[in-house]
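I sat down with the model to look up one helix, its neighbours and the strands before it. My notes follow.

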Amino acid sequence: MAVPAEYYLVLSAGLFCIGLAGILTRKNALMFLMSVELMLNAANINFVAFSLYWGNLTGQTFALFTMALAAAEVAIGIGIILVLYRNFGDVDVTDAVGMRW
Amino acid sequence: MTTRPELRDTGGLLPAVAAVGLFVVMAAVFLGAPIGDAAGFPQNAEVANESIGDASVASNASIQTTNNGTFAQVATASGNESTLLTEDTGVNATIVTAGGSAYGVVSEPVSVTATIGYAMFGLSSQLPDELKSESFLAVFEIIDLVLVAALVGAVTLARREDLSTVVTLFTSSEDAAPSGAVAADGGSEPDVSEESTDGGDA
Amino acid sequence: MALAETIAFALFAFVTLGAAAGVVLVEDVWHAALLVGVSLLSVAVHFVMLQAEFIAAMQVLVYVGGVLILITFAVMLTRESDTEGGVVQR
Amino acid sequence: MTGTTPFAFEFAPAIAALPFVSFLIALAFGDRMPKGGALGGILATAGSLLLSLWVFVTVSGGSAYVHDIHTWTILDAGGALGDVNLHFGLLLDPLSAMMLIIVSLIALLVHVFSLGYMNDEGETGLPRYYAGLGLFTFSMLSFVMADNLLQAFMFFELVGLCSFLLIGFWFREDAPPSAAKKAFLVTRFGDYFFLIGVVGIIATFGTSRFAVVGDAAAAAFPVEAAKVLGVTEGTATAVIPGGMDPQLWFTILGLLVLGGVVGKSAQFPLHTWLPDAMEGPTPVSALIHAATMVAAGVYLVARMYGFYLLSPTALGIIALVGGFTALFAATMGVVKKEIKQVLAYSTISQYGYMMLALGAGGYVAATFHLMTHAFFKALLFLGAGSVIIAMHHNENMWDMGGLKEKMPVTYYTFLSGSLALAGIVPFSGFWSKDEVLYEAFVHGLGTAGTQGTLLLVAYAFGLLAVFFTGFYTFRMVFLTFHGEPRSDTAKDPHGVRWNVKGPLAVLGILAAVVGLVNMVPVKKLTGANIDFLHKWLKGPEALKAQTSVAHYTDGDTSLLHEGAHYVAGTLAGGEVGTVLISAAVSLGLALAGAGLAYRLYNVPEPVEHTDKLGAAKDVLYNNYYQDEFQVFLAERVTMPLAKAADTFDQSVIDGAVNGVSSVSLFSGRRVKRVQTGLVTNYALLLTLGFLVLLVAMAATGGWF
């Protein structure tokens, strides 16, 4: 691999922090969902980069699993968002501050 | 109809500072870490080797490819002597010496994708020696369950709560038809329900 | 060769991070969803460069083809009806 | 103790358990039983008496018994001190066997008498009464059998509780609850010191056993203390705080325990509760004064006498307090109008004698007096109870008179008790009181220095008290039974039945003859071996050095000499002459007192001569203003202290507590704002926390 692993790590950290910033600053539940996808991708980049770094396929396999989990998460997330929307008429997470409503 | 993307200008300073700070710290740590060169994936795996004589012949040997296969050809005083390495053509073959003998070695690429499949399905006997990986069958099953759970969860979340019938993919239409109960959203707002669609598979 | 790879990396890293930053920063959810797609595709390129072609394929299939579609659905489903498309969602 | 455990000792716990069962039965089913639970109590105490007699016989056969029934905890105190052993056990030796008989016998008689005093008088609340009696008997019997100081303390307290319950039996009237409260508080004041003493003894010796029998590994604290002081051979360690002189520390411990004794045995200055305790039913007074509560204090000193013998200072204080109390209470008894009040002060006075004997090294004398007093004082109280029944619960002696002919049984038994109380030969009180005074006298003569002087002063107090005792006793007798009836009820008294006369007869005979078990003067004169109690308490040779009792009986005077530095001296005429002089003086004084009473009060129409006393009368009537003094102490000294402590508590302690809580309230009010319910905020906190953690780990781990 011509590009050093550090670069990928930094790229991954950047992507992760951007996703984090999205979660921290946005109120729209959909933006949460997308930010979480970004963060998961950051993790995937790390997995794959280290897979190559160690010459071990475990990282790539894990990346696949991560994708599956991401798909599941999105499915559930969208279910929740729709319920949220149905109950509040909006997808603003700051509306749903109680444990139950 | 499209709109130009607009940048948000709201939001607190602290979250941004926290995120950027985290990035700075992580980047500092990563760049300072003693990470050397990558090992990389092995390109080839040996599949055959044939002895072609003692070590002294190695300098005179070469790999020849004909339509019949791949040969190791040794130039001797009495002429060329060919040894069949494999009947395939276009393979990666080299001459190596080891233990006082010269060998013609045929290697072929390792399939990363195939290995991933072996690892995921727990076929550890198929895993090549050159490309290490663990067996993930249990994880695979768990992820499978998680996916099913996600599907069920999504369906459960999407059903209308004010109707006793569960709206799922295979519910017969006469149960759900009267009030357009397939709408997954909208609640009590009639105008919202216009956009309703089947939330069951969301 | 190494230089070319590094340049390619830098280019796609810029695309990835730029698109991601766009996701966070743009006002409209719809634009954000599209930028997520850009970012995800760019990450797939990174996977290719990391000799993980299968993962890259899966990235495109699962993420861009599945997850992103779901997000798009959600964006459309939760769009407020009394406003025109693209109106600010906060 | 060698060989197998004598059979009787296996049943010893039942001695205490039987009254406890009767207590439970009376409490649970008393209102459904005939006689309000009295029969159960009578049966139980009769059973206890029989078992006690059995134990008595067994102990006479040369056995003693220490048995751990239950061990609560064994604390490893470390070092040579060994284990701190907190347990529940039995100690059966001559002293406790004798006391068991006294207590169970008197409890039995009191139960029987109560049939006449309570049931026949139609009292209500009888189950409560008999439950109280049962618990009282149980507590005292258990106290007597206790083999360690901690257990003794627990039952000591239980005895105090029972006295509270019984003195306040008629709780709907004004005086009894107040008297009960006073008795409880005053004795509790003494017990406070007792408790500290118990803790101190356990901390010092790692054990609070009174005696060791059989088990060589166990230690008894009097024995250990003697070893520490080098009075007896052997090595022992004791934890002395602050490098104090062991002698001084043991004295302090002994005096702390003595605090409980002074409270319970009504010694000066904590005697004030006892006269007020007359508000309780008369049989209860008999029980309290003769066998249970008040006797507990003296018994405790006798029980751990081996410890007190090591401290001349403590002994001197005991003797002086006892002698002073004997005189002090006797003078107050002279002027009282109520028959029970006279008896109450005589009780205080007589227990003063016992303390005097203990302080003067007369262990046997004190025990002897404890026994004879138990019988004649129970007799007197029951006789007084009989009179009170006859007088329709009028206790004023000036309303009585001439009861001799109307109630002969009561009269003659009461006379027997009075002669014993006054110390007229040959009734029991003479022998015991004479021995008490003799012990104080000879040791006062023989011991040099301050100690001897102290004993002689105490002896002088005791001797003077003999005169007053004779006077007030016969003043009481003459006013009650002689002369002309001075009221209508005295002319036609209420009759009493067998259940009153029976106990009186038993006790009357005992009061007359029980002194014969220990006729030391006769022995000294004739050489006849008739000092049975001495031999009995000393126990057989095999018990020596095993129980602490064997330590200090007169056959082994070494501890008395080595520990307390007491030496017996004589007057002219050697030992015999001293005995004769001592006996003659005390008998003469008693007769003088009785004779004066005869002169003044054995007339058909006695008049109050107290006016002749002038200002002293008021002082005596008001009990030397002791109550007022204590109230003054409580109101002027304790109250301001308590108020200051309260102020301190309210402002400083509570202030600190409230301050702490308000800090947490305040911070809680602030911190709770973190809990917004917004996921974003939580994520932000999570991020910041992770960032800090990462920076810290990177900084310390050298990642940068």
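I take contact to mean heavy atoms within 4.5 Å, and I take buried to mean under 20% relative accessible area. The model is predicted, and I read it as such.

**Entry 1: helix H2 of chain B.** I looked up H2(B), which spans residues 112–120. I listed its buried residues: B:Val112, B:Thr115, B:Ile116, B:Ala119 and B:Met120. Why do they line one face of the helix? Seen down the axis of H2(B), they fall within an arc of 135°, so they line one face. The spacing rule helps here: an α-helix has 3.6 residues a turn, so residues three or four places apart point the same way.

**Entry 2: the cover.** What covers these buried residues? I found that the cover includes H3 (58–88) of chain A, H3 (137–158) of chain B and H3 (53–77) of chain C.

**Entry 3: H3(A) against H2(B).** I checked this pair next. The two helices pack at an angle of about 70°, and their axes lie 10 Å apart. That angle makes H3(A) roughly perpendicular to H2(B), because 65 to 115 degrees counts as such. I noted the crossing as right-handed. On the H3(A) side I see A:Gln60, A:Thr61, A:Leu64 and A:Phe65. They meet B:Val112, B:Ile116, B:Ala119 and B:Met120 of H2(B).

**Entry 4: the ends and the strands.** B:Gly122 follows H2(B), with a positive phi near 75°. I then turned to strands S5 (92–98) and S6 (101–109) of chain B. They run antiparallel and are joined by seven bridges. B:Ala93 stands opposite B:Val106 of S6(B). The two strands form a hairpin with two residues between them. In that turn, B:Gly99 has a positive phi of about 65°.

Methods:
Residues are numbered from 1 along each chain as its sequence is written. Chains are lettered from A and ligands numbered from 1 in the order in which they are written. This is a predicted model: local features need pLDDT of at least 70, side-chain atom pairs count only at pLDDT 80 or more; totals for chains, interfaces and linings use all residues. Side-chain values use heavy atoms; hydrogens and water are left out. Buried means under 20% relative accessible area, exposed over 50%, partly exposed in between (1.4 Å probe, protein chains only). Helices (H or I, at least four residues) and strands (E, at least two) are DSSP runs, numbered from the N terminus. The arc is that of the directions from the helix axis to the C-beta atoms. Two strands pair if DSSP finds at least two bridges between them. Axes are lines fitted to C-alpha atoms, for helices over the stretch in contact, and angles run from 0 to 180 degrees between N-to-C directions. Angles under 35 degrees count as roughly parallel, over 145 as roughly antiparallel, 65 to 115 as roughly perpendicular and the rest as oblique. A crossing is left-handed if the near helix is turned anticlockwise from the far one by less than a right angle, and right-handed if clockwise.
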